[in-house]
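I have opened a fresh notebook page for this one. These are my entries, in the order I looked things up.

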Amino acid sequence: MKIEHIGIAVKDLESAVKTYESLLGTVCYKREIVESEKVDTAFFQTGESKVELLGATSPDSVIAKYVEKKGQGMHHVAFEVDDIHKELDRLRAEGFTILNENPKRGADNKLVAFVHPKDNCGVLVELCQQIRE
Ligand code: CO
């Protein structure tokens, strides 16, 4: 599985975008709000992978809670899969805890599902599949 992106939770998305534009030497190519998650996202291409910055759009957003509890930093690692339903079935059979029953629509035209960090040595894992339509 290819690492599609790394998700980083930030306190102030505007200033984080500037920081990562300087760090990576590239401009943010996409901004997208995911209303269902109350998250504002900013994407950067870096080599074959991406960096996704995640800012809260509301104090009750999961990202707001995360930043409050743990501070800014690495939030998840996303692996790209061809068939997310098949991969979720495989992981369930292996005993992994999938956080959302069905894949949901995430940012960047992807179907996404998350695997509980307790099953992955403390790392929240996202599976993502390009939406083909
Ligand atoms: Co992500």
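Before anything else, I fix a term for the first lookup: I call two residues in contact when heavy atoms of theirs lie within 4.5 Å. I also note that this is a predicted model.

**Entry 1: around Val10**

I asked which residues Val10 touches, not counting those up to four places away in sequence. My list reads Ala16, Leu53, Leu54, Gly55, Ile63, Val67 and Gln72. Val10 is also a member of the largest nonpolar core, which has 11 residues. The others in that core are Ile8, Leu13, Ala16, Val17, Tyr20, Cys28, Ala42, Phe44, Val51 and Leu53. Helix H1 (13-24), strand S3 (39-46) and strand S4 (49-56) are the elements that give two or more residues to this core. H1 supplies the largest share, with four residues. Another core, of nine residues, lies apart from this one, and Val81, Leu88, Ala113 and Leu127 are among its members. I jot down a general point here: in soluble globular proteins, nonpolar side chains tend to be buried together.

**Entry 2: the sheet**

In what order do the strands of the open sheet run? I read off S2-S3-S4-S1-S5-S8-S7-S6, which makes eight strands with mixed pairing. S2 and S6 are the edge strands, and each of them pairs on one side only.

Next I looked at two of the pairings. S1 and S5 run antiparallel and are joined by seven bridges. Along that pairing, Ile3 stands opposite Phe79 in S5, and Gly7 stands opposite His76 in S5. S5 and S8, on the other hand, pair in the parallel sense over four bridges. There I found Cys128 in S8 as the bridge partner of Glu80.

**Entry 3: the cobalt ion**

Which residues coordinate the cobalt ion? I found His5 and His76, each through NE2, and Glu52 and Glu126, each through OE, at 2.1 Å. Along the chain, these donors follow the spacing H-x46-E-x23-H-x49-E. His76 lies in strand S5 (residues 73-80) and Glu126 in strand S8 (residues 125-130), so this pair ties together parts that are 50 residues apart in sequence.

I then checked the geometry. The angles among the four donor atoms run from 82 to 169°, and the site is irregular. The reasoning is short: four donors count as tetrahedral if all angles lie between 85 and 135 degrees, so a range of 82 to 169° does not fit that class.

Are His76 and Glu126 buried or exposed? His76 has 2% relative accessibility, so I count His76 as buried. Glu126 comes out at 5%, so Glu126 is buried as well.

**Entry 4: Ile6**

Ile6 sits in strand S1 (residues 2-9). With 29% relative accessibility, Ile6 counts as partly exposed. Leaving aside neighbours within four places in sequence, I found Ile6 in contact with Lys50, Val51, Glu52, Met74 and His76. Two of those names, Glu52 and His76, I already had from the cobalt ion. I also looked up Ile6 and Leu53: they are 47 residues apart in sequence, and their C-alpha atoms are 8.4 Å apart in space.

**Entry 5: salt bridges**

How many salt bridges does the structure hold? I get 14. Some of them form a network that links Glu4, Lys30, Glu32, Lys50, Asp108 and Lys110.

I followed part of that network. Lys30 meets Glu32 in a salt bridge at 3.9 Å, N to O. Lys30 also forms one with Asp108, where the closest N and O atoms are 2.8 Å apart. That second pair links distant parts of the chain: Lys30 is in strand S2 (residues 30-34), while Asp108 is in the loop between strand S6 (104-105) and strand S7 (110-115), 78 residues apart. Asp108 meets Lys110 too, at 3.7 Å, N to O.

For exposure, I noted that Lys30 is partly exposed at 25% and Glu32 is partly exposed at 24%. Asp108 has 8% relative accessibility and counts as buried, and Lys110 is buried too. One general remark to finish the page: side chains of opposite charge can pair when their charged atoms come close.

Definitions and conventions: Residues are numbered from 1 along each chain as its sequence is written. This is a predicted model: local features need pLDDT of at least 70, side-chain atom pairs count only at pLDDT 80 or more; totals for chains, interfaces and linings use all residues. Side-chain values use heavy atoms; hydrogens and water are left out. Donors are N, O and S atoms within 2.8 Å of the metal (3.2 Å for Na, K and Ca); water is not among the atoms, so sites may look incomplete. Four donors count as tetrahedral if all angles lie between 85 and 135 degrees; four count as square planar and six as octahedral if opposite donors are over 155 degrees apart and all others between 65 and 115; anything else is irregular. Buried means under 20% relative accessible area, exposed over 50%, partly exposed in between (1.4 Å probe, protein chains only). A salt bridge is a side-chain nitrogen of Lys or Arg within 4 Å of a carboxyl oxygen of Asp or Glu. Two strands pair if DSSP finds at least two bridges between them. A nonpolar core is a set of buried Ala, Val, Leu, Ile, Met, Phe, Trp, Tyr and Cys residues joined through side-chain atoms within 4.5 Å.
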